[in-house]
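Biologist: Could you take me through the spot where the ligand sits? I'd like a close look at that one part, with enough of the rest of the chain to get my bearings.

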Amino acid sequence: MSIQVVKGDITKQQVDAIVNAANSSLLGGGGVDGAIHRAAGAALLEACRAIRNKQGSCKTGEAVITIAGNLSAKFVIHTVGPVWNGGKSNEETLLKNAYQNSLQLAIDNNCTSIAFPNISTGIYHFPKDKAAAIAVQIVKDFAATHPSLEVRFVCYDEENYTLYQQLLVN
Ligand code: AR6
């Protein structure tokens with residue numbers, strides 16, 4: 001598996017699937033969620049509403065997949081990371097689940113490449129160093145059984161970019 005780190009905007013990535021750091025409503029929000037919905041257009045919100053009508057909200061740590069509207073990606077995988085609550089509310093496991101379930105959905109939909117934002121490290125305040133270590137570990141573990149999937153971490157801020165570069169030098 002190839003694992004890359006880039007600094008930039010996830011809406012611009014040329015990959016099969018981009019991951020959205022959504023909330024359980026699946027109906028959009030600020031941060032990367034807002035950027036993805038703006039770039040994808042109304043068809044994305046419509047697809048999210050259809051999922052909500054079918055299954056209700058998306059629980060923390062779970063993921064759903066939709067079309068990607070005007071984006072160059074084929075799919076958007078919407079996952080809900082945990083809100084940081086001091087580390088005592090199972091946040092680390094929930095963040096692992098968000099990455100793991102997103103990777104599995106990509107494979108289930110025959111994707112060969114996927115781009116992740118730094119889930120939970122913005123509005124949800126998960127400590128960036130802990131979140132980066134979890135993300136890299138889950139992706140490396142997944143790589144052992146899915147060697148042909150390309151994974152790209154798309155860092156929007158310098159601090160995350162530096163953290164991921166340090167974690168991926170070896
Ligand atoms: N491309 C890549 N990364 C981005 C972009 C972008 N265009 N914009 C922001 N980021 P956040 P969360 C980074 O707050 O913490 C929303 O309202 C940002 O710098 O988007 O999981 C949802 O609806 C940060 O490192 O997501 C939820 O309610 C990372 O994306 C809530 O925020 C995640 O920050 C989810 O909070």
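Modeller: Let's start with the whole chain. With 170 residues, a compact globule would have a radius of gyration near 15 Å, and the chain has 15 Å, so the two agree. Keep in mind that this is a predicted model. Along its principal axes, the C-alpha trace spans about 40 × 35 × 30 Å. There are five helices and six strands in the chain, and from the N terminus on they come in the order β-β-α-α-β-β-α-β-α-β-α.

Now for the ligand. The space it takes up is the largest pocket. Around the ligand you'll find 23 residues, and the closest of them are Asn23, Gly30, Val32, Asp33 and Ile123. Sorted by class, that shell holds nine nonpolar, eleven polar and three charged residues.

Where do the shell residues come from? Strand S2, residues 17-22, and helix H1, residues 31-40, each give at least two of them. H1 supplies the largest share, with four residues.

Next, have a look at the oxygen atoms of the ligand. Val32, one of the closest residues, has a backbone N or O atom 2.7 Å from a ligand oxygen. With Thr121 the side chain is what to look at: one of its polar atoms lies 2.9 Å from an oxygen atom of the ligand. Asn160 also brings in a polar side-chain atom, at 3.5 Å from a ligand oxygen. As for how much of the ligand is covered, it has 700 Å² of accessible area on its own, and the protein covers 91% of that.

If you want a route through the view, begin at H1, which gives the shell four residues, and then go on to the polar side-chain atoms of Thr121 and Asn160.

Notes. Residues are numbered from 1 along each chain as its sequence is written. This is a predicted model: local features need pLDDT of at least 70, side-chain atom pairs count only at pLDDT 80 or more; totals for chains, interfaces and linings use all residues. Side-chain values use heavy atoms; hydrogens and water are left out. A residue is near a molecule or strand if one of its heavy atoms lies within 4 Å of it. A polar contact is a pair of N or O atoms within 3.5 Å; within protein, one must be able to donate a hydrogen and the other to accept it, and residues adjacent in sequence count only if both atoms are side-chain atoms. Accessible areas come from the Shrake-Rupley method with a 1.4 Å probe; for residues, only the protein chains shown count as cover. On a 1 Å grid over the protein atoms alone, a cavity is a set of points where a 1.4 Å probe fits but cannot get out, and a pocket is an open set with protein on both sides within 12 Å along at least five of seven lines; lining residues have an atom within 4 Å of a point. A molecule sits in a cavity or pocket if more than half of its atoms lie within 2 Å of its grid points. Helices (H or I, at least four residues) and strands (E, at least two) are DSSP runs, numbered from the N terminus. Ala, Val, Leu, Ile, Met, Phe, Trp, Tyr, Cys and Pro count as nonpolar, Asp, Glu, Lys and Arg as charged, and the others, Gly among them, as polar. The radius of gyration is taken over C-alpha atoms; the globule rule is 2.2 Å times the number of residues to the power 0.38.
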